[in-house]
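Work through the exercises below with the sequence and the model side by side. Try each task before reading its solution.

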Amino acid sequence: MAVELLETLKESITAYTGLSPTTFFTVVALGLAIYYVFSVMFGGSSDHHVQPRSSSFEESEPLPPPVQLGEVTEEELKAYDGNDPKKPLLMAIKGQIYDVSQSRMFYGPGGPYALFAGKDASRALAKMSFDEKDLTGDISGLGMFEMDALRDWEYKFMSKYAKVGTIKTPEPAAAPEPESTPTEPVQPTDTEPVAVVAAAAAADHHSKVTEDAPSENVSTVTSEANKEE
């Protein structure tokens with residue numbers, strides 16, 4: 001069986017290459033020898049190309065544990081936008097602050113979402129907006145789909161990043177108390193006695209008219225009765 005297979009191989013080599021089996025194997029051996037010589041002579045160049053590749057996979061330094069900030073103002077949160085490498089990279093959603101330092105390639109300087117860092121970007125995330133006016137935690141007036149999108153972002157941050165604080169709610173300004181104006185005592189004027197005298201005179205005249213009216217009526221009735229008699 002092996003002899004028949006060898007004979008078939010020889011016939012195939014002769015048919016496809018036009019060479020005798022001995023010449024064919026000699027050429028193959030010579031090619032392998034040349035390849036080996038060249039690989040030994042120029043093997044250093046391949047090592048040179050591999051070296052940079054290994055250096056690119058150097059292990060990065062481990063991130064420090066998240067630092068709890070407690071309550072901070074929006075102005076204080078701006079200091080954690082990633083521009084200071086010694087500070088953590090923070091971002092807030094709905095007043096809750098998260099440490100996103102592990103995703104610095106996205107939220108750090110030069111990343112696609114870098115403008116969200118150091119801010120409460122709830123409105124911008126809900127609307128998927130990159131406008132400066134939407135970089136705020138005010139979510140009033142948002143639609144149902146926008147609130148659903150914001151809720152998805154919130155769940156993602158809660159499950160992936162550590163919460164390190166909250167944004168301090170500004171206290172409403174107290175309304176100013178109305179100033180009380182002192183009431184001045186009413187000073188009597190020079191015209192008041194005249195008015196009082198005039199009112200008294202009018203009242204006296206009215207009483208006289210009232211008293212005289214019945215007597216006139218009685219005299220009139222008496223004269224009329226005498227005439228009838």
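## Exercise 1: The strands

Strand 1 (residues 70-72) and strand 4 (residues 162-167) run parallel and are joined by 3 bridges. This is a predicted model, in which local features need pLDDT of at least 70 and side-chain atom pairs count only at pLDDT 80 or more, while totals for chains, interfaces and linings use all residues. Residues are numbered from 1 along each chain as its sequence is written, and side-chain values use heavy atoms, with hydrogens and water left out.

Task: work out how the strands pair, and name a bridge partner for Glu-71, Ile-97, Tyr-98 and Met-91.

Solution.

Step 1. Fix the terms. Helices (H or I, at least four residues) and strands (E, at least two) are DSSP runs, numbered from the N terminus. Two strands pair if DSSP finds at least two bridges between them.

Step 2. Start with the parallel pair. Glu-71 has Thr-166 in strand 4 as its bridge partner.

Step 3. Go to the other side of the pairing list. Strand 3 (residues 96-99) runs antiparallel to strand 4, with 4 bridges joining them. Ile-97 is partnered by Gly-165 in strand 4, and Tyr-98 stands opposite Lys-163 in strand 4.

Step 4. Add strand 2. It is joined to strand 3 by 4 bridges, and the two run antiparallel. Here Met-91 stands opposite Tyr-98 in strand 3.

Step 5. Look at the turn. Strand 2 and strand 3 form a hairpin with 2 residues between them. Lys-94, in the loop between these strands, has a phi near 55 degrees, a positive value in a residue other than glycine.

Step 6. Place the strands in the whole chain. The protein chain has 8 helices and 4 strands, in the order α-α-α-β-α-β-β-α-α-α-β-α along the sequence.

## Exercise 2: The nonpolar cores

Task: which residues of the largest nonpolar core touch the most other members, and which elements each supply at least two residues?

Solution.

Step 1. Define the set. A nonpolar core is a set of buried Ala, Val, Leu, Ile, Met, Phe, Trp, Tyr and Cys residues joined through side-chain atoms within 4.5 Å. Buried means under 20% relative accessible area, exposed over 50%, and partly exposed in between (1.4 Å probe, protein chains only).

Step 2. List the members. The largest nonpolar core has 18 residues, and those touching the most other members are Met-91, Val-100, Tyr-107, Phe-116, Ala-121, Leu-125 and Phe-157. At least two residues of this core come from each of strand 2 (90-93), helix 6 (122-127) and helix 7 (144-160).

Step 3. Separate the other core. Another core of 8 residues lies apart from it and includes Val-72, Tyr-80, Ala-92 and Ile-167.

Step 4. Follow one member. Leaving out residues up to four places away in sequence, Val-100 touches Leu-89, Leu-90, Met-91, Tyr-107, Phe-157 and Tyr-161. Contact means heavy atoms within 4.5 Å.

## Exercise 3: Buried or exposed

Task: are Arg-123, Met-128 and Asp-152 buried, partly exposed or exposed?

Solution.

Step 1. Take Arg-123, in helix 6. Its relative accessibility is 17%, so Arg-123 counts as buried. Beyond residues up to four places away in sequence, Arg-123 touches Asp-134, Thr-136, Asp-138, Ile-139, Ser-140 and Leu-142.

Step 2. Take Met-128, in the loop between helix 6 and helix 7. Met-128 is partly exposed because its relative accessible area is 43%. Its phi is positive, about 50 degrees, although Met-128 is not a glycine.

Step 3. Take Asp-152, in helix 7. Its relative accessibility is 52%, so Asp-152 counts as exposed. The C-alpha atoms of Asp-152 and Leu-125 are separated by 9.8 Å, and the two residues are 27 residues apart along the chain.

Step 4. Turn to the whole chain. Buried residues make up 19% of its 229 residues.
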